[in-house]
Amino acid sequence: VGVSNNGVDVGPGVANYELGAEVSGVTVSPSRGPAGGGSSVTVSGAGVNFGSGPLTCLFGDERGVGVAVEDGVAVCTSPRVLSGGSVLVSVSADSGESELVSGLEYVYYAEPALSGLWPVRGTMLGGTTVTLYGSGFAADGLRCRIGEVVVGFPDARLETSSAVSCVAPAVSAVGSVSVEVSVNGGADFTSDGVQYVYEVGASVSGVRPSRGLSGRD
């Protein structure tokens, strides 16, 4: 870049200016996470050059770290905050001096917690509707993880802010599994270790006697 006073002659002082690719469609996923932080948040957008070095991710006033994983995609670790609410996220290189993207909304929420469930056991065939009790539940992004299987709507439903119903999936073996809940699409789950027991379902093999008198008025 040079400067001229008469539109013809350019002064001796010249500075370099780099034209980058046009940036479009920048998103964050998930767009919400627990106030305790530690969520892996993917920032992606066509034309964003995150480079190859470490990144600085600001969630409001709190600083987190990030790393580029491929062209136009970086992953930030959300920092811990004191309370829930909406913040703006920006990603920078060079220890925060070169801002690459900004103005991305991210919502912190109070972490949900599980205190129990009912019934505490069900058949291996699945299909049992299990009600989970606790706090901090929300319909947005609701998921239930029963053992290794994650279920969403309609098998996971918000009943109240303190109760969620989940349909247990079928399993191949009896035993106890952990049940957890996510309210950001499965990116982060509770870690309360509430247990649900799979068992062989009851069956009827016969009746004795096999006949009797019908009732009379």
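These legends describe close-up views of a predicted model.

**View 1. An aromatic cluster joins F59, Y106 and Y108.**
The structure contains four aromatic pairs. One of them is formed by F59 and Y106. Its geometry is edge-to-face, with 5.3 Å from centre to centre and 85° between the planes. The two residues come from distant parts of the chain: F59 belongs to strand β4 (residues 54-59) and Y106 to strand β8 (residues 98-109), 47 residues apart. Both F59 and Y106 are buried.

**View 2. F59 also pairs with Y108.**
Here the arrangement is tilted. The centres lie 6.4 Å apart and the planes make an angle of 55°. That distance falls inside the pairing cut-off, which is 6.5 Å between centres. F59 sits in strand β4 and Y108 in strand β8, so this pair ties together parts that are 49 residues apart in sequence. F59 has a relative accessible area of 1%, so F59 is buried. Y108 is buried too, at 3% relative accessibility. Ring pairs thus link F59, Y106 and Y108 into a cluster.

**View 3. The charged end of R145 sits over the ring of F189.**
The distance from this charged end to the centre of the F189 ring is 4.4 Å. R145 lies within strand β12 (residues 143-146).

**View 4. A disulfide connects C57 and C76.**
The count of disulfides in the model is two. In this one, the sulfur atoms of C57 and C76 are 2.1 Å apart. The torsion about the S-S bond is about -70°, so the disulfide is left-handed. The bond links distant parts of the chain, with C57 in strand β4 and C76 in strand β6 (residues 73-77), 19 residues apart. C57 has 0% relative accessibility and counts as buried. C76 is likewise buried, at 0%.

**View 5. A disulfide connects C144 and C166.**
The sulfur atoms of C144 and C166 are 1.8 Å apart. This link is left-handed, with -45° about the S-S bond. C144 lies in strand β12 and C166 in strand β15 (residues 163-167), so the pair ties together parts that are 22 residues apart in sequence. Relative accessibility is 0% for C144, which counts as buried. For C166 the value is 1%, and this residue is buried as well. With bonded cysteines counted along the chain, the disulfides follow the pattern 1-2, 3-4.

**View 6. Four strands form an open sheet in the order β9-β11-β15-β14.**
Pairing in this sheet is antiparallel. The edges are β9 (113-118) and β14 (156-160). Each edge strand has a single partner strand, so one side of each is left without a neighbour in the sheet. Neighbouring strands are turned by 30° against each other on average, direction ignored. One of the strands in the sheet order, β15, also carries C166 of the disulfide with C144.

**View 7. Strand β9 runs antiparallel to strand β11.**
Five bridges join β9 to β11 (residues 129-135). Where does G116 find its bridge partner in β11? The partner is Y133.

Terms used: Residues are numbered from 1 along each chain as its sequence is written. This is a predicted model: local features need pLDDT of at least 70, side-chain atom pairs count only at pLDDT 80 or more; totals for chains, interfaces and linings use all residues. Side-chain values use heavy atoms; hydrogens and water are left out. Rings of Phe, Tyr and Trp (its six-membered ring) pair if their centres lie within 6.5 Å; planes under 30 degrees apart count as stacked, over 60 as edge-to-face and the rest as tilted. Buried means under 20% relative accessible area, exposed over 50%, partly exposed in between (1.4 Å probe, protein chains only). A charge sits over a ring if NZ of Lys or CZ of Arg is within 6 Å of the ring centre and within 35 degrees of the ring normal. A disulfide is a pair of cysteine sulfur atoms within 2.5 Å. Two strands pair if DSSP finds at least two bridges between them. Axes are lines fitted to C-alpha atoms, for helices over the stretch in contact, and angles run from 0 to 180 degrees between N-to-C directions.
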